[in-house]
Amino acid sequence: MAWRMPLNGKFNYGPLFGVKDKWHPNGHRGVDYNGFKGGTPYYAVNDGVIVLNKWSDVLGNVVVLQTGKQFWGYCHMDKPSPLKVGTKVASGDVVGTAGTTGSASSGVHLHLTLSLVKEGVFGGKVYDADAFLKKAIAGQKAAAAKAAAAPAAPVAPVVETPAAPKVS
């Protein structure tokens, strides 16, 4: 499993997870990424399976990716994801494209949610998706650096075996 961000290249942050303002009086339920054009691909944050692909009046076109125990909601996509429920995806596969659908969208952006239940994107307990991804990616990088710095396993010396004497 390889964790990654849901976008390639540069992006800006909109409201972060938990921010309370006039649009999110109870706290923002996801993290918003913006500063890219409509149609920009969204990528699977890890290996997983598509468990929901539906329309929401508030969140627009939504696809939910399950990666182990986590459920990732990609919201406000320009059109429904082409992936059917049950489709297995690898980290980095395209799961949808940027848009501004749903009544809670005021411009092209990705509203990414993290939950421990399939319908969590629409209600219930959610977690800071951006913080989770940054921590998971940093952990991967640290593990890779540690593995690269580890001494190589000792190799047994090669010993030539003398040829057996010829029997006459």
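Is K54 buried, exposed or partly exposed? I looked up K54 and found a relative accessible area of 34%, so I entered it as partly exposed. I note at the outset that the model I am reading is predicted.

**Entry 1. Overall layout**

I counted the secondary structure and found nine strands and one helix. Read from the N terminus, the order is β-β-β-β-β-β-β-β-β-α. I then looked up the radius of gyration, which is 23 Å; the globule rule gives 15 Å for 168 residues, so the protein is more spread out than a compact globule. I also took the box filled by the C-alpha atoms along the principal axes, and it is roughly 95 × 30 × 30 Å.

**Entry 2. Burial, contacts and surface**

I asked what share of the 168 residues counts as buried. The share is 39%. For contacts with a separation of 6 or more, I recorded that 63% are made by residues 24 or more positions apart. The exposed area of the protein is about 9800 Å². Carbon and sulfur atoms supply 61% of that area.

**Entry 3. Charges**

I counted 18 positive and 10 negative side chains. The centres of these two sets lie 3 Å apart. How many salt bridges does a search of the whole structure find? The search gives two, and I took them in turn.

**Entry 4. The salt bridge of E119 and K54**

K54, with which I began, meets E119 through its side chain, at 3.9 Å from N to O. This pair links distant parts of the chain, with the two positions 65 residues apart. I placed K54 in strand β4, residues 48-56. E119 belongs to the loop between β9 (110-115) and α1 (129-149). I looked up E119 for exposure as well: its relative accessibility is 38%, so E119 counts as partly exposed. K54, at 34%, is also entered as partly exposed.

**Entry 5. The salt bridge of K134 and D130**

The side chains of K134 and D130 form a salt bridge with an N to O distance of 3.0 Å. Where do these two residues lie? I found both in helix α1, four residues apart, which is about one turn of the helix. I then checked each residue for burial. D130 has a relative accessibility of 6%, under the 20% cut-off, and therefore counts as buried. K134 stands at 44% and is partly exposed.

**Entry 6. W23 in a loop**

I located W23 in the loop between β1 (12-13) and β2 (31-34). Is W23 buried or exposed? Its relative accessible area is 63%, so I entered W23 as exposed. I also looked up its separation from A104, a residue 81 positions away along the chain. The C-alpha atoms of W23 and A104 are 8.8 Å apart.

**Entry 7. H76 and its phi angle**

I noted a positive phi, near 70°, at H76, a residue other than glycine. H76 is part of strand β6, residues 70-77. The relative accessibility of H76 is 1%, so this residue counts as buried.

**Entry 8. A145 in the helix**

I placed A145 in helix α1. With a relative accessibility of 47%, A145 is recorded as partly exposed. How far apart in space are A145 and G30? I found 31 Å from C-alpha to C-alpha, for a sequence separation of 115 residues.

Definitions and conventions:
Residues are numbered from 1 along each chain as its sequence is written. This is a predicted model: local features need pLDDT of at least 70, side-chain atom pairs count only at pLDDT 80 or more; totals for chains, interfaces and linings use all residues. Side-chain values use heavy atoms; hydrogens and water are left out. The radius of gyration is taken over C-alpha atoms; the globule rule is 2.2 Å times the number of residues to the power 0.38. Buried means under 20% relative accessible area, exposed over 50%, partly exposed in between (1.4 Å probe, protein chains only). Contact means heavy atoms within 4.5 Å. Accessible areas come from the Shrake-Rupley method with a 1.4 Å probe; for residues, only the protein chains shown count as cover. Lys and Arg count as positive and Asp and Glu as negative; His and the chain ends are not counted. The place of a charge is taken as NZ of Lys, CZ of Arg, CG of Asp or CD of Glu. A salt bridge is a side-chain nitrogen of Lys or Arg within 4 Å of a carboxyl oxygen of Asp or Glu.
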